[in-house]
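Colleague: Could you take a close look at one loop in this model for me? I would love a connected picture of that part, and then of the core.

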Amino acid sequence: MFRMHIGSITEQGLNLDQREDSAVLPLLSAVTGDGIIHFTRPVHVRIHATLSGQTVLIHGTAESEVRMPCSRCLEPFNMKVGTDFSATAVPENPAMIDPVTGDDIELTSNHMDVIAYSGDDIDLGGEIAQQIIMALPFKPLCRDACKGLCSRCGADLNKTACQCQPQDKSGPFAVLKTIAFTKEHE
Ligand SMILES: [Zn+2]
Ligand SMILES: [Zn+2]
């Protein structure tokens, strides 16, 4: 697990260099649960942490590699994912109160880079999993110039040139052309 002991943070700070299987991070297991995305390498985390009072300032990188289908041609491919991140860890108790509104500060929604800890241990797993998930591309492409699939016959245009005509008269807009022609002559 990605854990940090507060007691081991010296005045020079603490460097952490750790690899863990993605399966130890529940958020990542949720992402891979449907079998579309696989992690092909462990999650590699490098962190520098410094202590300021009871607040721990964390800067680091999180990297891994995923295998997932291209959004154009649907062919699975491997892709490195990685990100720099910064986070702050603060003691869970006493409850954090917003000095302006007097409300409890909601850690999960508005302060995603704040990690609450109790005791001497900081669990970095949730933050690291979130960072990896945010680094995943919304529309993964196996290559920038991926030609995708033919919208008519479904052929992978990276591998083959199909016989479909790009401006075939039997296409969906042919009907519209007929309507326009008829109206002009009414
Ligand atoms: Zn592709
Ligand atoms: Zn085609």
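Modeller: Happy to! Let's begin with Arg72, a residue of the loop that joins strand 5 and strand 6; strands (E, at least two residues) and helices (H or I, at least four) are DSSP runs, numbered from the N terminus. This is a predicted model, in which local features need pLDDT of at least 70 and side-chain atom pairs count only at pLDDT 80 or more, while totals for chains, interfaces and linings use all residues. Residues are numbered from 1 along each chain as its sequence is written, and chains are lettered from A and ligands numbered from 1 in the order in which they are written.

Arg72 is partly exposed because 18 other C-beta atoms lie within 10 Å; 20 or more would make a residue buried and 12 or fewer exposed, with C-beta atoms placed from the backbone. Beyond its neighbours within four places in sequence, Arg72 is in contact with Leu141, Cys146 and Gly148, contact being C-beta atoms, placed from the backbone, within 7 Å. Its C-alpha atom is also 7.3 Å from that of Lys147, 75 residues away along the chain.

Leu74 sits in this loop too, between strand 5 (55–69) and strand 6 (76–91). Leu74 is exposed, since it has 12 other C-beta atoms within 10 Å. The phi of Leu74 is positive, near 70°, whereas most residues other than glycine have a negative phi.

Now for the core. In the largest nonpolar core (buried Ala, Val, Leu, Ile, Met, Phe, Trp, Tyr and Cys residues joined through C-beta atoms within 7 Å), Ile128 and Ile132 touch the most other members of the 23. Strand 5 gives this core its largest share, five residues.

Technical notes: Two residues are in contact if their C-beta atoms, placed from the backbone, lie within 7 Å.
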